[in-house]
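I opened this notebook page to record what I looked up in one structure, entry by entry. The topics are salt bridges, a pair of helices and a patch on the surface.

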Amino acid sequence: LEMGIIREHKLYENFPKNVLDEARKIPQKIMPPYNNRVDLRKEKIFTIDGADAKDLDDAVSISKKGKNYLLGVHIADVGNYVKYNSALDKEAYTRGTSVYFPNMVLPMLPKELSNGICSLNEKEDRYTLSVEMEINDKGDVVNHKIFESVICSCHRLTYDQVYKVLCKDEEESKNLADIKDDLLLMNELSHILGNRRKLAGSLDLDIAESYIEVDENFKVSFVNKRERNDAHKLIENFMVICNETVAREFKLRSAPFVYRVHEKPVVEKIKSVCTFLNGLGITTPEIKDITPIFVQELLKQTEDKPFKEIANKVLLRSMQKARYLNEPVGHFGLALEDYCHFTSPIRRYPDLVIHRIIKEFINKGKITKNRMLELNDFVLDASFRSSETEKNADEAERDVDDLFKAIYIKDYIGKEFDGIISGVQNYGFFVELENTVEGLVKIETLPQDFYLYMEKSLKLKGNSHTYSIGDKVKVKVVNSNVFERKIDFVLAENSKNK
């Protein structure tokens, strides 16, 4: 069934022979001389990733310069190995992105690169593109430089390890005594950067991702919300400031570039969100201009409410989809004028594209008019292709998650769960359980009544019963169709109805 989804989305399961041949010719160790690269191998640089990650794109380092912070973000120099128009490059362009499923990965690049020579593995010398930023106590980048480097990661850390150190766990702090102070300093800077983003209007939509554990026999042993703590936010904040810094420099250089853009939502959609929130008893401010700060104000109204996450989802659905573009039109969700994706070239093609451009500017300084025209065509094409492949990969990942959730819940048919109404349609409503599994309560299974579907306020309203998005309900699992990836619930007998 999973392979059916992969084929339905026309994803690429295997690499062609010429691509594998090219990958296997690449040496798996780097050797001096390092030419003009800055040698950072003696610096305290390390990676922080999920426990199961094998393609480690980014490493970080920190120090103080007076009152300011010196943050280093070191990204795998994939462009050193994947040359423009090579077999590897053409395949990466076709795939556009790595696709992650709970039990497998369809990588953009063969494992010799993605898990091998490009991955910033512990105690291995690796070529990187480094961005060193001097950041003041307000979170502003007052100085920065971008350069080619060589690093040797001193630790391969997991989010769990880092979080334990941040929580002053004695044992983990002892294990990581050599970098404990660095991690605490990073957390300090992360909070400064997070506050800066918040003040600018960045939308931190509190929507849980699913974490699904699957064994080799397709047995789904665990489904729940993926944890997001200060360790995750630390890396997120560092990557955002790095991506912003790189985008700003290359906009100022008027270089052809692939930007990550997110246009502002249309007024009608935000009006619908306000109508929905009004129906939940929330007073919304008058819509004068749709800015990130205005949307942030809407979000603030739902803080400490049981329907907070659902309200965030409704707001997310009203937003435009982020995409890649050859022009810096800004990122509404992050409240940034300049933004790009620079930090994951092992798994995203647009990152690799801009790495090549950055390296060309670093090494040549001046680019000819003809070359600029060539690059303009290239970034336009790569932006469009990358947006398409990302959309397709997202849909495939969602479909596979739904498949595994349907397999998982089969073992719980007849069992009752607490949930929250996450979507309302004229044919019934969707209920999301605490563990992120979602199912449909069909209208014909509801207590007998004359129901009207109220599209703007997202309600099914009867004479005696009303079911609104955000309502808490108790449901019973009655069916799970793994082929259609659909789950059916009915209201439990003791579920409270309005």
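The entries below begin with the kind of model and then go through the contacts one at a time.

Entry 1, the model. I am working with a predicted model, and I keep that in mind for every value noted here.

Entry 2, salt bridges overall. I searched the whole structure and found 43 salt bridges, of which I looked up a few by name.

Entry 3, E134 and K65. I found that the side chains of E134 and K65 meet in a salt bridge, with 3.2 Å from N to O. The two residues belong to distant parts of the chain, E134 being in strand β7 (residues 125-135) and K65 in strand β3 (residues 58-65), 69 residues apart. I then asked which of the accessibility classes applies to E134. E134 counts as buried because its relative accessibility is 10%, and the cut-off for buried is under 20%. K65, at 46% relative accessibility, counts as partly exposed.

Entry 4, R196 and D140. I noted a salt bridge between R196 and D140, whose closest N and O atoms are 3.6 Å apart. R196 lies in helix α7 (residues 180-200) and D140 in the loop between β7 and β8 (141-152), so this pair ties together parts that are 56 residues apart in sequence. D140 has 32% relative accessibility and therefore counts as partly exposed. I also noted that D140 and R196 belong to a network of salt bridges that links them with E244, R248, K251 and D338.

Entry 5, D399 and R485. Here too I found a salt bridge, with the closest N and O atoms of D399 and R485 3.6 Å apart. Because D399 lies in helix α13 (residues 369-409) and R485 in the loop between β20 (472-481) and β21 (486-491), the pair ties together parts that are 86 residues apart in sequence. D399 is buried, with a relative accessible area of 16%, whereas R485 counts as partly exposed at 23%.

Entry 6, helices α2 and α3. I looked up how helix α2 (residues 17-24) packs with helix α3 (residues 87-95), and the angle is about 125 degrees with the axes 8 Å apart. The two helices are therefore oblique to each other, and α2 passes α3 in a left-handed crossing.

Entry 7, a nonpolar patch. I found that F450, L452 and M454 form a nonpolar patch on the surface, with about 310 Å² of accessible area together. M454 is placed in strand β17 (residues 452-454) and counts as partly exposed, at 32% relative accessibility.

Key: Residues are numbered from 1 along each chain as its sequence is written. This is a predicted model: local features need pLDDT of at least 70, side-chain atom pairs count only at pLDDT 80 or more; totals for chains, interfaces and linings use all residues. Side-chain values use heavy atoms; hydrogens and water are left out. Patches are made of residues with over 30% relative accessible area and no salt bridge: like charges are joined within 9 Å, nonpolar side chains (Val, Leu, Ile, Met, Phe, Trp, Tyr) within 5 Å. Accessible areas come from the Shrake-Rupley method with a 1.4 Å probe; for residues, only the protein chains shown count as cover. Helices (H or I, at least four residues) and strands (E, at least two) are DSSP runs, numbered from the N terminus. Buried means under 20% relative accessible area, exposed over 50%, partly exposed in between (1.4 Å probe, protein chains only). Axes are lines fitted to C-alpha atoms, for helices over the stretch in contact, and angles run from 0 to 180 degrees between N-to-C directions. Angles under 35 degrees count as roughly parallel, over 145 as roughly antiparallel, 65 to 115 as roughly perpendicular and the rest as oblique. A crossing is left-handed if the near helix is turned anticlockwise from the far one by less than a right angle, and right-handed if clockwise.
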